[in-house]
Number of protein chains: 2
Amino acid sequence: MDDRVGKRAGYHHGDLRQAMIEAAEVVLAEKGVGGFTLRECARRAGVSPAAPAHHFGNLVGLLTAIATLGFDDLSQEMEAAVAKAGASGGNRLAAICEAYLAVALARPGRFRVAFGRLGLKNGDEDLRRAAIRAFGILVRETKLALGHEVGSDVLTRLPSSYGGDADLAEILFVWSITHGFSTMLIDGQLAPLEMQPGGRERLIALYSGRLMEMLLAAVRASAAMPLANPASHG
Amino acid sequence: MDDRVGKRAGYHHGDLRQAMIEAAEVVLAEKGVGGFTLRECARRAGVSPAAPAHHFGNLVGLLTAIATLGFDDLSQEMEAAVAKAGASGGNRLAAICEAYLAVALARPGRFRVAFGRLGLKNGDEDLRRAAIRAFGILVRETKLALGHEVGSDVLTRLPSSYGGDADLAEILFVWSITHGFSTMLIDGQLAPLEMQPGGRERLIALYSGRLMEMLLAAVRASAAMPLANPASHG
DNA sequence: ACGCCAAACTTGACGCCGTTAAGATAACGC
DNA sequence: GCGTTATCTTAACGGCGTCAAGTTTGGCGT
């Protein structure tokens with residue numbers, strides 16, 4: 001059995017960068033974060049342990065590249081979901097939340113690297129841009145659901161960077177639910193709940209169904225709710 | 001500089017188990033999941049690399065012990081918060097959600113080990129009990145907030161283990177927000193948002209304030225909402 | 001067509017890692 | 001006080017990430 005990812009013809013691999021990324025995701029999916037090693041990925045790509053250094057610098061560089069792809073996945077799938085959901089506010093927001101979960105489920109390796117607190121390259125500009133863009137889509141859709149105006153720089157600037165966003169609470173609310181459910185599901189926190197009739201599908205249906213109803217209701221209610229005392233309650 | 005945790009008097013350490021756990025949490029807090037090694041912890045405890053084996057078996061055993069403490073922290077602090085919040089339904093639920101975040105912030109090392117998808121010991125009974133108990137408190141309080149009856153076995157049995165819980169959607173909703181926000185905050189996903197006036201405190205205040213208002217409103221609304229089609233919507 | 005340069009990859013080595021086996025030490029029950 | 005047993009050390013193994021140095025090769029200028 002030869003499970004190398006991207007066979008090579010001669011001394012040079014041809015597309016080692018891509019092969020390493022694919023191998024890494026396979027390993028991550030198979031053995032989890034713990035069993036993940038650079039040497040193992042290199043082995044699967046049919047290459048020596050030191051070969052990847054030229055493409056990624058080091059292990060952190062590889063993980064950073066994968067994380068960037070993870071954020072790109074999120075942006076892409078969320079935009080696609082929005083396009084399919086049409087113009088109505090609530091459907092759009094629910095659509096991106098479901099897309100978020102779908103991405104996590106489809107590529108748990110990438111997703112975990114993007115969010116999983118393995119160390120990533122600190123100043124990486126590609127990573128930063130990809131993350132801000134994905135976050136920006138979520139910001140934009142939350143604002144649209146609230147019936148608020150959306151600046152043209154949502155996808156390139158953080159909301160806070162132009163001085164305190166009025167909708168930050170709603171944004172964090174939506175993101176927390178979405179991210180919380182997604183991570184718990186792929187990280188096995190909900191595994192005991194998957195052991196019963198319906199299994200994982202029931203949980204996903206619950207998320208796409210009742211949880212989205214609750215989320216939309218909460219956001220709509222928040223739009224009508226007075227801001228009492230915006231930042232001191234507990 | 002000597003930063004050993006739990007100095008030893010002679011050949012025997014005295015309480016190596018405790019010292020290792022403390023050292024591990026310090027290392028985890030200092031260097032994150034990536035820089036965490038068993039040898040480093042042993043070094044800080046002033047002990048040879050092989051010493052911990054007798055107490056924990058291996059690295060996974062140590063992590064499992066720490067994770068168990070993490071769940072115990074959650075149970076303890078959530079119960080304390082509930083006791084202080086008194087009898088009113090909404091306050092109690094908000095109180096445990098805030099306690100959840102407080103535990104994550106106070107001991108991010110434990111919290112990350114408990115939830116972070118480093119591998120833990122599979123069949124560990126202590127870990128399982130601790131996790132179910134913490135989850136049970138959340139289940140209990142969500143049901144109370146909904147005005148529903150709570151079985152006496154909430155803290156020892158999973159809701160699903162007695163055949164499909166009617167309040168599962170609300171439970172997952174509350175847990176997703178709480179867990180999502182907590183993990184994003186301690187894992188640095190919200191770091192860019194902390195870089196502005198108000199910083200982390202502002203986000204925490206937003207969580208304890210507006211987000212809790214939204215959460216309670218959503219749960220209350222859900223209690224009144226018809227169950228349309230409980231498990232098939234998207 | 002040819003030579004050369006830079007990119008791509010290998011080899012070998014280093015120090016650190018987790019784990020194990022065998023031996024040293026000390027606490028404790030009898 | 002003595003043996004038993006838990007605790008800890010030492011030494012070693014293979015595997016890890018990374019680096020320096022050497023080898024191969026594609027491609028470009030001429």
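Colleague: I'm new to this one, so let me start with the DNA. Which of the 23 residues around DNA strand D come nearest?

Modeller: A residue counts as near a strand if one of its heavy atoms lies within 4 Å of it. Around DNA strand D, the nearest are Leu38(A), Arg39(A) and Arg43(A), along with His54(B) and His55(B). Of the strand D atoms that come within 4 Å of the protein, sugar and phosphate account for 62%.

Colleague: Before we go on, what am I looking at?

Modeller: This is a predicted model, in which local features need pLDDT of at least 70, side-chain atom pairs count only at pLDDT 80 or more, and totals for chains, interfaces and linings use all residues, while side-chain values use heavy atoms, leaving out hydrogens and water. Residues are numbered from 1 along each chain as its sequence is written, with chains lettered from A and ligands numbered from 1 in the order in which they are written.

Colleague: Which parts of DNA strand D do polar atoms of Tyr11(A), Leu59(A) and Ser48(B) approach?

Modeller: A polar contact here is a pair of N or O atoms within 3.5 Å. The side chain of Tyr11(A) places an N or O atom 3.0 Å from a base oxygen of strand D. Backbone atoms serve at the phosphates: Leu59(A) has an N or O atom 3.0 Å from a phosphate oxygen, and Ser48(B) has a polar backbone atom 2.7 Å from one. Two elements give two or more residues to this surface, helix H2 (38-44) of chain A and helix H3 (53-56) of chain B, where helices are DSSP runs (H or I) of at least four residues, numbered from the N terminus. H2(A) gives the most, with three residues.

Colleague: And what about DNA strand C, where which residues come nearest?

Modeller: Of the 22 residues around strand C, His13(A), His54(A), Leu38(B), Arg39(B) and Arg43(B) come nearest. Sugar or phosphate holds 64% of the strand C atoms within 4 Å of the protein, and bases hold the rest. A polar side-chain atom of Tyr11(A) lies 2.6 Å from a base oxygen of strand C. His12(A) uses a side-chain N or O atom to reach a sugar or linking oxygen at 3.1 Å, and a polar backbone atom of Leu59(B) is 2.9 Å from a phosphate oxygen. The elements giving two or more residues are helix H3 (53-56) of chain A and helix H2 (38-44) of chain B; H2(B) gives the most, with three.

Colleague: How many aromatic pairs are there over all chains?

Modeller: Rings of Phe, Tyr and Trp (its six-membered ring) pair when their centres lie within 6.5 Å; planes under 30 degrees apart are stacked, over 60 edge-to-face, and the rest tilted. The whole structure has 13 such pairs. One of them, Phe71(A) with Phe115(A), is edge-to-face at 5.2 Å between centres and 75° between planes. The pair joins helix H4 (residues 59-85) to helix H6 (residues 108-115) of chain A, 44 residues apart. Phe115(A) also pairs with Tyr100(A) in a tilted arrangement, 6.3 Å centre to centre and 35° between the planes. Ring pairs link Phe71(A), Tyr100(A), Phe111(A) and Phe115(A) into a cluster.

Colleague: Are Phe71(A) and Phe115(A) buried or exposed?

Modeller: Both are buried, meaning under 20% relative accessible area with a 1.4 Å probe and protein chains only (exposed is over 50%, partly exposed in between). Tyr100(A) is buried as well.

Notes
A polar contact is a pair of N or O atoms within 3.5 Å; within protein, one must be able to donate a hydrogen and the other to accept it, and residues adjacent in sequence count only if both atoms are side-chain atoms.
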